[in-house]
Amino acid sequence: MENKSPKLSLKQYALLKWMLGAGMGLVSVSTVFNLSGYSYIPAIIAFTCISVSLFWPAGFARLPNIVWRVYAIGIIPLMAMDVIARDTVAALLNLNTWLIIYRALNHQKRREELQLVLLCLFLLIMTGILTASLLFGVQMFVFFGLAISFLVVSSITQCSSELDGESDKKDGWNAALVLSTFRILFRSRYLFTGTLIYCFLIGLSSLVFLVVPRVEVENKVTLFELKSNESLSGFSDNIRLGDVTSIKNDASIALRVDVNSSKGVPVDPYWRMLVLDTYQNGSFSVSNGLQDKLRNTMASPFNTVRYWPDKRFSQVPSREDRDRWTVFVEPGASRYLPIVGTFEHLTFSQLDKLFMAADIHSFALSKVSSKMFSFQLEGVDFSGKIEDYGLMSSVLYNSAERRKLLRSEELTYPVTLLQLPADKKARKIFSNTAKSIIGGDSLNALEFARRAVEFLGEKHDYSMDIELPSLEEAGVEDPVARWLNSDLDGHCEFFASSLVLMARSAGFPARVAVGYRGGEWNSYENYFMVRNADAHAWCEIYDGEGNWVRVDPTPGSSSVSDVRSVQQQAALGVTGSKAYLDSLKMLWYRRVVNFDEQAQREAALQLKDFLLAYIETAESWLTNAVEYFYRWIREPWGIGRIIYFTFLAVLLVVAICIQNRLTLNYKELIFATFRRGDPIRRKAGRILSRLDAVDKKDWSDAKRKILLDLQTLRYGAKERWPNARMTFKGSKQL
Amino acid sequence: MTEFIPTVEFNQSQEVLQRMKALISSRIRGKDDVIDQVLICVAAGGHVLIEDLPGVGKTTLAYCLSKTMDASFKRIQFTSDLLPADVTGVSVYDEREREFVFKPGPIFSNIVLADEINRATPKTQSSLLEVMDHGKVTVDGITHEVGSPFIVLATQNPVDYEGTFQLPESQMDRFLMRLQMGYPNEENELDILSGDQGSYDDLEFEGTVSVRDILDLKRLVRQVFVEKSVLEYILRVIQATRTESEFKSGISVRGSLAIKAAAQARALYMGRDFVLPDDVLEIITNVCCHRLTLRRPSSDAPEERRMVEGIFNRILASIPLPR
């Protein structure tokens, strides 16, 4: 290769390193100017000194060493002055600035170079936290590049030991050297590679930090898809009524709900997910017609205006001041959104993935999410009343029409809302029970429901493990009918199914709603933890006035109106290490995974507040301590006090003298009780192993004598031991 | 071990060892390490097996060593027709006294050079077992003491398998060390070539050491202090050889005592009255390797020795030195 590209000489590397170091110092010191309300004097001094050193390095290198020593000691009173002036933040900033001046003008060893990088980074991050401004980002990026180049150049020069930066600096560098250095550096190849590496690193880190939490990985990677299909444990499309009980066996957390509400929190929130309408073979499930509704492309939020002109669906929260419920659903829990009640605004990041069935007020993703997803509800109404948008209720209430529809072979939604068991005997049982509840009065749907719940509660108790009466005894195959006809205990599914079927046979449209009920309140971070074990089923009855009303026949459910404030909840919530660990997860969700800019800003501001509060505490503690000490000094000095302190001082001196005469220091003496073997042998062994690496070839006889003494102390007979104290003392010069 | 060595005796022992070393190295060039090890063996009162090719100075070393001492010296040339009685001696009937009289064999001496020991039959080799262990010979039921000190210097050729019998393991265990001579380096060999070499018989040294001195050395070596951690280190090494799957058997108890004695001797030789881990490291290979045999023996003797040394060094490297 003829046109071999020129390489930098060591002298040029030293120059480059010096310039990069000064550049780092300048960038980090310049961040101080972002702050307001702090003294700029140290920063101005630092800026000037470092700028001068950039162009005239020889000047600082020629300063005698004593100047730097005095400077290093002088920092302490400067710091103390700041602290006494009751301003710890300023003290910290100034201390850092003074230290940067010191290090930026003196760095030859690798250790010192790393110190410089760390000091600059510390100042940068500190000012960044205090300002939380965009300029900080720019400065950070510039600093990042400078620091990388600085470390690279430092590593290169480290490899060649012959370089003596000190002498080089004393000579100074002339313009020609600077020019040649830059001419080489700005060759397109170096420039290109450098920029490429820088951009690559920046890009990579921002990719990891920003993009990965947002990107839809599961669509691209089949592995996620496999996992998400397998982990269908919660409420799914083809749920049948018996499935709710099996979900209850899982104690893991299904969702976490952050509540920001001045209205209060319902004591027993119902996280409603899905509605079951059709009744076949003794259990409720979602009819095909309803499933189609939930898969229909027309059922997207972009068509909401057709049903809900008063409701908003968007990707950002509204600006209105109202209660907000943020729900974080665990990966693989379900594709249905747990909705606590009707709302005014729903915020969800991927509206195109969302399907909604307006008439049953259910919302679903296109498929089960393999990662955590969150959504936010605003203006929630948890009265349990849901408006009916299906317009079919009128059809259902028209009795002539209804009879005709019910006679058809294949019932379709919404006629399924009135479907009864195919078995005539079972139908008889439900209608008879309904009749006995009505007792000849003319009741509306809600009154019927109230009485039916009363009836069920009197006859049956709640129990998770149930036993149905045998077929012969009951004389009917339908399990719900068998249960209703007995006086056995049952779980929520039986209560809900019975009530729905009774209501239907009395002519009121009804359906089973499934989801979760209740949940634990985590008092550490104030949110609901809803577990799979909280799975529940209840009823919704059409009241004939365009609303579906929630009725929970299961014993032990509280009435709708019970509401507690967040403070009350916090007092009643769960505590303990598990809850604490879970609250950390919630913090992570809120701040990082949730990842909207508002939350980010809040986090930064909270960190800032925390830092300031912490500093304030430390500051007051320090001032108190100083004041106390000052008062203590100022107290009148009686003769007793003087004697007391003289005595203390003498004791101290004696203790120091004794320590000096001891072979082992206090620490070794104390630790000797816990360690195996003789402490003197240990100490000698430790010194010997340190000397292993030392080249002993050209040692003087005196040194060899000390080495032999050490070896005697370690391996020799105790009777032959030399004076251990003198030996250890002597070993310090080895 | 509670009593420690008086300084006078300690200095005297140093002087004896240094003198012996000076005398031998005036004759044997460039083999200081071997001489050191031989002298350590002498001080520890152990027997030495020197193993190497013919003509590298094994016998010369043995001769020189014997001549530095003011002690009786016998050489037994081991051949395939040598009988135990030729070594130990026989009882012969005295006509005049009308009783059997014991005629002592060449073994009744302070220093015995058993030259080419592996050329004798195992029967004859076994005649050395008792004498090497206890310094006693039993002939016709009567036990006779041999000289004190009693040191056997044996030589053998490793590659020369024609007409040799491998020494049994019990015999090997009785040697404190097995040493190799090796060729001298170029400079030293030039020295040897240009020098005037007389025969063994001309070998006369000024200022030899007395039998008393050697016995004193042996006594002093036993008083050299060994710290507990060093003993534990030795213990760990021999235990590792016993559990190593490549070895047929590990180091015997006699072997571990030999390690300790040799380490003590080396400490004294280096002018210390206590043992350093370095002392152990310096002698342990020579003390141990001839006591170890492979579970799967190699057909080639040098190959087998290299393998044993390799495995043993691996064991040593895996055990941390006392700190």
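This report walks through a predicted model with chains A and B, starting with chain B and ending with the place where the two chains touch.

## Chain B as a whole

Let's begin with the broad picture. Chain B has 323 residues, and 39% of them count as buried. Its secondary structure comes to 12 helices and 11 strands.

How do the contacts in chain B spread along the sequence? Of those with a separation of 6 or more, 79% are between residues 24 or more positions apart.

## Helix α2 of chain B

Helix α2 of chain B covers residues 32–44, which makes 13 residues. From first C-alpha to last, helix α2(B) reaches 18 Å, close to the 18 Å expected at 1.5 Å a residue. Just after the helix comes B:Gly45, with a positive phi near 75°.

Why is α2(B) described as largely enclosed by the rest of the structure? The reason is that 10 of its 13 residues are buried. If you would like to find them on the model, the buried residues are B:Val34, B:Ile35, B:Gln37, B:Val38, B:Leu39, B:Ile40, B:Cys41, B:Val42, B:Ala43 and B:Ala44. A residue is counted as buried here if 20 or more other C-beta atoms lie within 10 Å of its own.

## Where α1 and α3 of chain B cross

Two other helices of chain B make a pair worth a look: α1 (residues 7–27) and α3 (residues 58–68). Their axes come within 10 Å and cross at roughly 140°, and the crossing is right-handed.

Which residues bring α1(B) and α3(B) together? On the α1(B) side they are B:Met20, B:Leu23, B:Ile24 and B:Arg27, and these meet B:Cys64, B:Leu65 and B:Thr68 in α3(B). By class, this contact has five nonpolar residues, one polar and one charged.

## The five-stranded sheet of chain B

Chain B also holds an open sheet of five strands, with parallel pairing, in the order β2-β5-β8-β1-β9. At its edges are β2 (73–77) and β9 (175–179), each of which pairs on one side only. On average, neighbouring strands in this sheet are turned by 15° against each other, direction ignored.

For a closer view, take strands β5 (residues 111–115) and β8 (residues 151–156) of chain B, which pair in the parallel sense over four bridges. Here B:Val112 stands opposite B:Val152 in β8(B). In a regular strand, side chains alternate between the two faces of the sheet.

## Strand β15 of chain A

Turning to chain A, strand β15 (residues 527–531) is mostly covered, with four of its five residues buried. Which strands pair with β15(A)? One is β1(A) (residues 253–260), joined to β15(A) by five bridges and running antiparallel to it. In that pairing, A:Arg256 has A:Met529 as its bridge partner.

Strand β14(A) (residues 520–522) also pairs with β15(A) in the antiparallel sense, over three bridges. There, the bridge partner of A:Asn522 is A:Tyr527. Together β14(A) and β15(A) form a hairpin with four residues between them. In the turn, A:Asn526 has a positive phi of about 55°.

## Where the chains touch

How many residues of chain B are in contact with chain A? Nine, and they touch nine residues of chain A. On the chain B side, those residues divide into six nonpolar and three charged, with no polar ones.

Methods
Residues are numbered from 1 along each chain as its sequence is written. Chains are lettered from A and ligands numbered from 1 in the order in which they are written. This is a predicted model: local features need pLDDT of at least 70, side-chain atom pairs count only at pLDDT 80 or more; totals for chains, interfaces and linings use all residues. Two residues are in contact if their C-beta atoms, placed from the backbone, lie within 7 Å. Ala, Val, Leu, Ile, Met, Phe, Trp, Tyr, Cys and Pro count as nonpolar, Asp, Glu, Lys and Arg as charged, and the others, Gly among them, as polar. The expected span of a helix is 1.5 Å times one less than its number of residues. A residue is buried if 20 or more other C-beta atoms lie within 10 Å of its own, exposed if 12 or fewer, and partly exposed in between; C-beta atoms are placed from the backbone. Axes are lines fitted to C-alpha atoms, for helices over the stretch in contact, and angles run from 0 to 180 degrees between N-to-C directions. A crossing is left-handed if the near helix is turned anticlockwise from the far one by less than a right angle, and right-handed if clockwise. Two strands pair if DSSP finds at least two bridges between them.
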